[in-house]
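Work through the exercises below with the structure open. Each task is followed by a solution in steps.

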Amino acid sequence: MTDTAVRKRHTGPAQSKKPVAVKEEEDLKKASQHAQSIKGVRLGDSRDKISLLVFTALALLMRWIYIGFPSEVVFDEVHFGKFLGHYLKHAYFFDVHPPLAKLTLTAAGKLIGYDGHFDFASIGDNYIENRVPHVFLRSVPATFGALCVPIVYLIMRDSGYNYLTCLFTTTMYLFDNALVGQSRLILLDSQLIFYMLCTIYSYVRFSKARHQEFSAEWYTWLLATGVSMAMTLSVKMVGLFIVAAVGLATISDLWSLMDVRRGLELTHVAKHFYARAVALIIVPTFVYLFWFWIHFSILDTSGPGDNFMSAAFQATLKGNPLTEQAIKVYYNDSITIQHRDTENFLFSWDKTYPLRYDDGRISSKGHQVSANSDPNDEGNIWQVLQTGDDISGQLTPVRHGDIIQLRHVKTDRLLMTHDVASPLLPTNTEFTTAEEGDEEKYEDTLFELRFDVLDLGRQLQSQMIHFQLIHVPTGVSMFSQTKKWPEWGVFKHDVNGNKKIIDRANRWIVKDVIGREPGEDKDEEGTKVDSMSFLHKFLELQSKMLSENNKLVAEHPYMSTPISWLVPTKGISYWHNPVSKGQIYLAGNVVGWVLGLASIAIYCGIGLADIVAQRRGFDLIDEPVRRRFQYSGGFLALLYALHYLPFYVMGRALFLHHYLPAVTVLYMLMGAVFEFMFIEGTTSPASNLVRNESEMKNHRPKVAANISTMRSMLTKTSYIAAAIIVIAQIGFFMWMVPLTYGTNMGSEMVKLHQIFGWELHFAK
């Protein structure tokens, strides 16, 4: 670190270290005249306008050039392109991400007349042969990605950083291979980052207007923060990270306003709270809900996502096959019961459990109850029996909460469980059967039928209603798994009593009602599409999105861990062509990512050293520099931490592209560290300190504020450092161009690019 990084910087006119007490209004105005004249950093000069135009043009060029190549489905385009088609066909589908980005792509497709005829079945399918406007569709995320570049410039400039720092930061961000490559395909990440940056920029502008509280500008940027935040969350659930960042910053802001030294009445603090609550909670909630309302309004027809949803939800979709084929279940009906996950059938027969298992445990030696993969086996058939004193001979529907018995038709025995360990899981109970009429075991044959919460109030129907069988005496739930019994059980699948009632593997459905056909018990009203409130549909979908996202744990050759992202040691092979030897490999610009990692270490080190120095009475950093480094740099550090660290506790499969929002913030934090190290001083204040009437009336102190002004100063070192780093960044970007754009590469060139253990094709 240079000497200028820590030594005292050149400041503006000397200020009195002690505030001057002012009691009269005239004295207050006179003492505050200097503070009132400071309007902060403002955009508008020609160099800022030119810079924004140049950066935007370069960003568009780098993303639009050769955007039609390859003219084939690439990586996750297979998913998001397919979703676009479902929207255009109104076919209900399920995705773990909120709908905004997909709706944007759909609107673009609709605009140019695309009808969604292509199914995006597999990677490598040809767009041109199938008449898919892939160039236009890819240009949408490319444009969002390009617009991120000028917003990065605006964030840095409005935060008060030197013009050179803004050029440096934006150029580093512009020439990142991963950010360019990801935004050139039909994917969601460029929209996610765009709205994230809009949120950051809006919050910066809101913070700069803090001395003009409750003004039109103040409200505008506060609302813009809330709306942008909601838009981010509406693209992907990781938008919760920016919500957390803004939430923490807002709590800190309100806590500062609560300080008695600010002199604010509690009613005035409450006004600040209500304004933020409306703009940052209520408005974003309605924005987020709005996109799901559009989502449900479009997807009103049965589609590939039906099976993820409850029976009540599916009944709201036109042409839902399960609704058409569902048969209502009544007592004394004979049915087959299928496990929801394994799709095996509840089964029994005359064979009994061995008296002693291989591990020495003892069984009940009762009749075996297992799960059978053969759907046509007669051992799958069970009769539903009514219990209690109100048994009637009339046709009685089976409903949620009923206490029932299940009689195995072939053996004429009743399903039961008891306090005996199951064959494979000693912690779970054994399922077996009992003789009908055995009074001693009557209680053990009683089961409560419990539906999923959204199906409450409905009659049990085949294929539609998911339910649990809860054993009345013990409270365990009938459970099955993919594990099979050994030879004594003819390798049937295990069934037992699970004490974890909330386990999703406890769900079953009625597959068939023996002797009954679909439609025979439906009247004319029964064929109509059911209704369901928007809020119920929304809450069900949110629950499914979160639960299914956590289930994305399947192994993938290009999945990676968060620690491997810091220096991109494992990328993602998006596409390759054996003929041309071209390939697209997602990997970050190693120069920028490594320097970003170093910037984090430097930021933390300097912050800690400054705290220790101040503790020992050494004031090595000018106060304006310290404030910029702590508040602006600290906010960026918080953003980075919230967009990176949570991935360490996620159980789902992770990929390099999950790191891109954090990398975006990392480049801005790098800019903050660059200015501290290589530029003398800082431009301060960045905010408009002209206090409006509300600020003057309600805020203390009634003394002149001790304002320290400063202008940043460039040195030869500033230019040399920026030039060296930027040249290295651009150089590595150009070296990575073949992998970013998929241009032809020979085997020798592939070998040269196979750094950090990257798994490239055609290296042999």
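**Exercise 1.** Which residues on the other side of H3 from its buried ones are exposed?

Solution. Exposed here means over 50% relative accessible area. In this predicted model, Ser46, Lys49, Ile50, Leu53 and Leu61 of H3 meet that description. The buried residues of H3 are Asp48, Ser51, Phe55, Thr56, Ala59, Leu60, Met62 and Arg63. Around the axis these buried residues cover an arc of only 165°, so they lie on the same side of H3.

**Exercise 2.** Find which helices the buried residues of H3 pack against.

Solution. Start from the buried residues of H3 and look for their partners: these are H6 (134–158), H7 (163–174), H8 (177–182), H20 (716–735) and H21 (737–741).

**Exercise 3.** Check the span of helix H3 against its number of residues.

Solution. H3 runs over residues 46–64, which is 19 residues. At 1.5 Å a residue, the expected span is 27 Å. The end C-alpha atoms of H3 are 27 Å apart, which agrees with the expected span. After H3 comes tyrosine 66, with a positive phi near 55°.

**Exercise 4.** Describe how H10 and H12 cross, and what kinds of residues make the contact.

Solution. First, take the axes of H10 (residues 216–233) and H12 (residues 266–298): they come within 8 Å and cross at roughly 35°. Next, the handedness: the crossing of H10 past H12 is right-handed. Then list the contact residues, including Trp218, Leu222 and Gly226 of H10 and His272, Arg276 and Trp291 of H12. Finally, sort the residues of this contact by kind: 17 are nonpolar, three polar and one charged.

Key: Residues are numbered from 1 along each chain as its sequence is written. This is a predicted model: local features need pLDDT of at least 70, side-chain atom pairs count only at pLDDT 80 or more; totals for chains, interfaces and linings use all residues. Side-chain values use heavy atoms; hydrogens and water are left out. Helices (H or I, at least four residues) and strands (E, at least two) are DSSP runs, numbered from the N terminus. The expected span of a helix is 1.5 Å times one less than its number of residues. Buried means under 20% relative accessible area, exposed over 50%, partly exposed in between (1.4 Å probe, protein chains only). The arc is that of the directions from the helix axis to the C-beta atoms. Contact means heavy atoms within 4.5 Å. Axes are lines fitted to C-alpha atoms, for helices over the stretch in contact, and angles run from 0 to 180 degrees between N-to-C directions. A crossing is left-handed if the near helix is turned anticlockwise from the far one by less than a right angle, and right-handed if clockwise. Ala, Val, Leu, Ile, Met, Phe, Trp, Tyr, Cys and Pro count as nonpolar, Asp, Glu, Lys and Arg as charged, and the others, Gly among them, as polar.
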